[in-house]
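Reader: I would like to learn how to read a fold from the inside outwards, feature by feature. Could we take the model shown here and work through it together?

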Amino acid sequence: MRRSLTLTLAAAASAAVLVPAAAQADGTKRTAAGSDPASIQSAVDAFRADLGNPNNGGGPATAAGRREINWDGVPDGASDPNPFPAGTFLGRGALFATPGTGFKVSANAVNPTATPVRFDNPEFQTFSLQKLFTAVGSTITDTHFFVPGTATPATTNGMGVVFTDVDATGSAKLEYFDPAGALIDTVVAPASPNGGLSFAGETFNAGERVARVRITSGTSTTLTSDPAGLHTVVMDDFIYGEPQPPPTRRR
């Protein structure tokens, strides 16, 4: 199991730098932006309903529902200033990869190293208290799906992400890829008021299956401020359909 998972993780990291050929589809898109969590709540709730109930959390694999990650349970040892292990949420069927150097989850308000909250950026706010997530050294995060708690590749019917401080429309987006690596569709997060929140997500109900979602979060890798002409964006909640295994082939 460990060897199989190690090989799968290596393949996922390798896929993060590929640019597959495009294919077109159109699902149900939900987007919203505003100054506080309440301003995007209805869009997030509608997206949850699109994916289906229940929220399976860290439970065993099931045939319906969705998974959510809000980062708030990540312990101090895997939070800023420490790196966040990319396979932490394989129990919820999600593995992260990036062309950068890794990932970080922001620190709790009370932490053993007195690390500033929200990556020490006063323009970042949270949707669900109190942590945020980002790639390090890149604006790209690839989410690969697995049957929860296993090394078996899986697909989902959609994914949405909450972003903070999207100053320009187009600086944050999600791209959905099928198991063959072809682009299914793209959804762009709308700009929010300075320091506000944005949500973008898409679900597919015409037979499309998503094996990977590439998330672009901003145009700068500097976390503490926006460099001149660039936009720093990080992420909060990830919401996605229950990852399902490949269909069994008949002999």
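Reader: Which residues have the most contacts inside the largest nonpolar core?

Author: The general idea is that, in soluble globular proteins, nonpolar side chains tend to be buried together. In this predicted model, the largest nonpolar core has 33 residues, and those with the most contacts inside it are Phe 84, Phe 96, Met 159, Phe 163, Leu 174 and Phe 238.

Reader: Which elements give two or more residues to this core?

Author: They are strand 3 (94–97), strand 4 (102–105), strand 5 (133–136), strand 7 (158–164), strand 8 (172–177), strand 9 (183–188), strand 11 (212–217) and strand 12 (234–241). Apart from this set, a second, separate core of 11 residues includes Ala 43, Leu 51, Leu 197 and Phe 199.

Reader: What does Phe 238 touch, leaving out residues up to four places away in sequence?

Author: The contacts of Phe 238 include Phe 96, Phe 133, Met 159, Val 161 and Ile 215, and among them are also Arg 67, Glu 68, Ile 69 and Trp 71.

Reader: How many helices and strands does the chain have, and what pattern does it follow along the sequence?

Author: The chain has 2 helices and 12 strands, and, read along the sequence, these follow the pattern α-β-α-β-β-β-β-β-β-β-β-β-β-β. Of the 251 residues of the chain, 51% count as buried. Among contacts with a separation of 6 or more, 74% are accounted for by residues 24 or more positions apart.

Reader: How should I read a charged residue such as Arg 66, and is Arg 66 buried or exposed?

Author: A careful reading takes the accessible area and then the partners. Arg 66 lies in strand 2 and is buried because its relative accessible area is 8%, where the cut-off for buried is under 20%. The side chain of Arg 66 reaches the backbone oxygen of Gly 52 at 3.3 Å. Beyond four places in sequence, Arg 66 touches a set of residues that includes Arg 48, Leu 51, Asn 53, Pro 54, Asn 55, Tyr 240 and Glu 242.

Reader: Pro 54 appears among those contacts of Arg 66; what is the peptide bond from Asn 53 to Pro 54, and where is Pro 54 found?

Author: The bond from Asn 53 to Pro 54 is cis, with omega near 0°, and Pro 54 is found in the loop between helix 2 and strand 2. The peptide bond from Asp 80 to Pro 81 is also cis, with omega near 15°, and Pro 81 lies in the loop between strand 2 and strand 3.

Reader: Where does Gly 59 lie, and with which residues is Gly 59 in contact?

Author: Gly 59 lies in the loop between helix 2 (37–51) and strand 2 (66–69), and it counts as partly exposed because its relative accessible area is 22%. Leaving aside neighbours within four places in sequence, Gly 59 is in contact with Arg 67, Gly 91 and Pro 148. The C-alpha atoms of Gly 59 and Gly 149 are separated by 8.9 Å, although these residues are 90 residues apart along the chain.

Reader: Which values of phi should I look at in residues other than glycine?

Author: Positive values are the ones to look at here: phi of Ala 114 is near 55°, and phi of Asp 165 is near 70°. Ala 114 lies in the loop between strand 4 and strand 5 and counts as exposed because its relative accessibility is 66%. Asp 165 lies in the loop between strand 7 and strand 8, but Asp 165 counts as buried because its relative accessibility is 0%.

Reader: How many cavities of 30 Å³ or more are there, and which residues line the largest cavity?

Author: The count comes to 1 cavity of 30 Å³ or more, and about 60 Å³ of space lies in the largest cavity. Its lining consists of Thr 134, Ala 135, Ser 138, Thr 139, Ser 217, Ser 220, Thr 221, Leu 223 and Val 233. By class, that lining has 3 nonpolar, 6 polar and no charged residues.

Reader: Where is Ser 138 found, and what does its side chain reach?

Author: Ser 138 is found in the loop between strand 5 and strand 6 (140–145), and its side chain reaches the backbone nitrogen of Ile 140 at 3.0 Å. Ser 138 counts as buried because its relative accessibility is 11%. Not counting residues up to four places away in sequence, Ser 138 touches Thr 98, Pro 99, Gly 100 and Thr 221. The C-alpha atoms of Ser 138 and Ser 220, 82 residues apart along the chain, are separated by 7.8 Å.

Methods. Residues numbered from 1 in each chain as written. Predicted model: local features only at pLDDT ≥ 70, side-chain atom pairs only at ≥ 80, totals over all residues. Heavy atoms only, no water. Core = buried A, V, L, I, M, F, W, Y, C linked by side-chain atoms within 4.5 Å. Buried < 20%, exposed > 50% of the residue type's maximum accessible area, 1.4 Å probe, protein only. Helix = DSSP H or I, 4+ residues; strand = E, 2+ residues; numbered from the N terminus. Contact = heavy atoms within 4.5 Å. 1 Å grid on protein atoms, 1.4 Å probe; cavity = no way out; pocket = protein on both sides within 12 Å on 5 of 7 lines; lining within 4 Å. Points joined across faces, edges and corners; volume = space filled by probe spheres on them. Nonpolar A, V, L, I, M, F, W, Y, C, P; charged D, E, K, R; others polar. Polar contact = N/O pair within 3.5 Å; in protein donor to acceptor, adjacent residues only side chain to side chain.
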